[in-house]
Amino acid sequence: MTQMTIGHLYTSLHAGCASAVARVLEAYEVEVEYVDLDPDDIEDALEGAEVDLLVSAWFPRDEKFAGPGRRVLGDLYQPVVSFAALSPLGAVGTLTSADVDRIIVSDDSRQALEEALKQLPALSVLPIESIGEGALIERLEKARDAGEKPLVVATQPHAVFHTDLLTVIEDPAHLLGGEMSARMIIREDVARQADSDLLDELSEMMLGNRVMSALDYVISVEGQDPEGAAEAWQRGRLIGR
């Protein structure tokens, strides 16, 4: 196979991941094209053969995309919704409104927060501010400068976890849910034509949350293009910044 189309969600995080996967494909002399997808477009893009390889689907949340005629590969990183704060605090179940004065939640983590608050009555009285993932760092910098004490709920990996803004708070009961697995989905007809060594390498590929947060940071904050960020990762220049 000499050409493959990668589909990914339009965020900087997913674009960075897709570009990192593309580096592996290109090493096998596969020409890569990209398709940006909305969440509602994924099934149609796979079914209509608009996309050969989806990077990535978060399991078990996205199991619905792994239907007949598709093969699931790899375990690229482990998305997890987390509690965090601007300074170290005790486990989330011990916190009250004396410890935190508001909740700032990224839009993609809002549903998990609402479920968790059913088990956290002492925090359910706090005002909640939802914010887009791309605006989270700026909002938290303002909170820090203003002396606010927010409880933050955000999904790792994210650019903010490549900064020193946040300390993750223990959630021993996993009130926000457990770790997921970011995996690739390749159409079976494409997989049958692909180099078996390439498929093996994709299956063994591991980026991890730390690398993914760094990719998200250099793309969304520093303005690096996804291909350049992926090259920095491949050359070992991404971590240890």
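Here are three short exercises on side-chain contacts in this predicted model.

**Exercise 1.** Find the aromatic pair in the structure and work out how its rings are arranged.

*Solution.* Start with the search: across the whole structure, one aromatic pair turns up. Its members are Trp 58 and Tyr 77, with ring centres 6.3 Å apart and planes at 90 degrees. Planes over 60 degrees apart count as edge-to-face, so that's the label for this pair. Next, place the two residues: Trp 58 belongs to strand β3 (residues 53-59) and Tyr 77 to strand β4 (residues 70-77), so the contact ties together parts 19 residues apart in sequence. Finally, check exposure: both residues are buried.

**Exercise 2.** Asp 62 and Arg 61 form a salt bridge. Decide whether each partner is buried, partly exposed or exposed.

*Solution.* First, the contact: the closest N and O atoms are 3.1 Å apart. Now use the cut-offs, under 20% for buried and over 50% for exposed. Asp 62 has a relative accessible area of 8%, so call it buried. Arg 61 comes in at 47%, so it's partly exposed.

**Exercise 3.** Trace the salt-bridge network that includes Glu 129 and Arg 139.

*Solution.* Begin with Glu 129 and Arg 139, whose closest N and O atoms are 2.8 Å apart. Glu 129 lies in strand β7 (residues 128-131) and Arg 139 in helix α4 (residues 136-146), so this bridge links parts 10 residues apart in sequence. Then add Arg 102 and Asp 101, which meet at 3.2 Å, N to O. Through shared partners, Asp 101, Arg 102, Glu 129, Arg 139 and Glu 148 join into one network.

Methods: Residues numbered from 1 in each chain as written. Predicted model: local features only at pLDDT ≥ 70, side-chain atom pairs only at ≥ 80, totals over all residues. Heavy atoms only, no water. Phe/Tyr/Trp six-rings, centres within 6.5 Å; stacked < 30°, edge-to-face > 60°. Helix = DSSP H or I, 4+ residues; strand = E, 2+ residues; numbered from the N terminus. Buried < 20%, exposed > 50% of the residue type's maximum accessible area, 1.4 Å probe, protein only. Salt bridge = Lys/Arg side-chain N within 4 Å of Asp/Glu carboxyl O.
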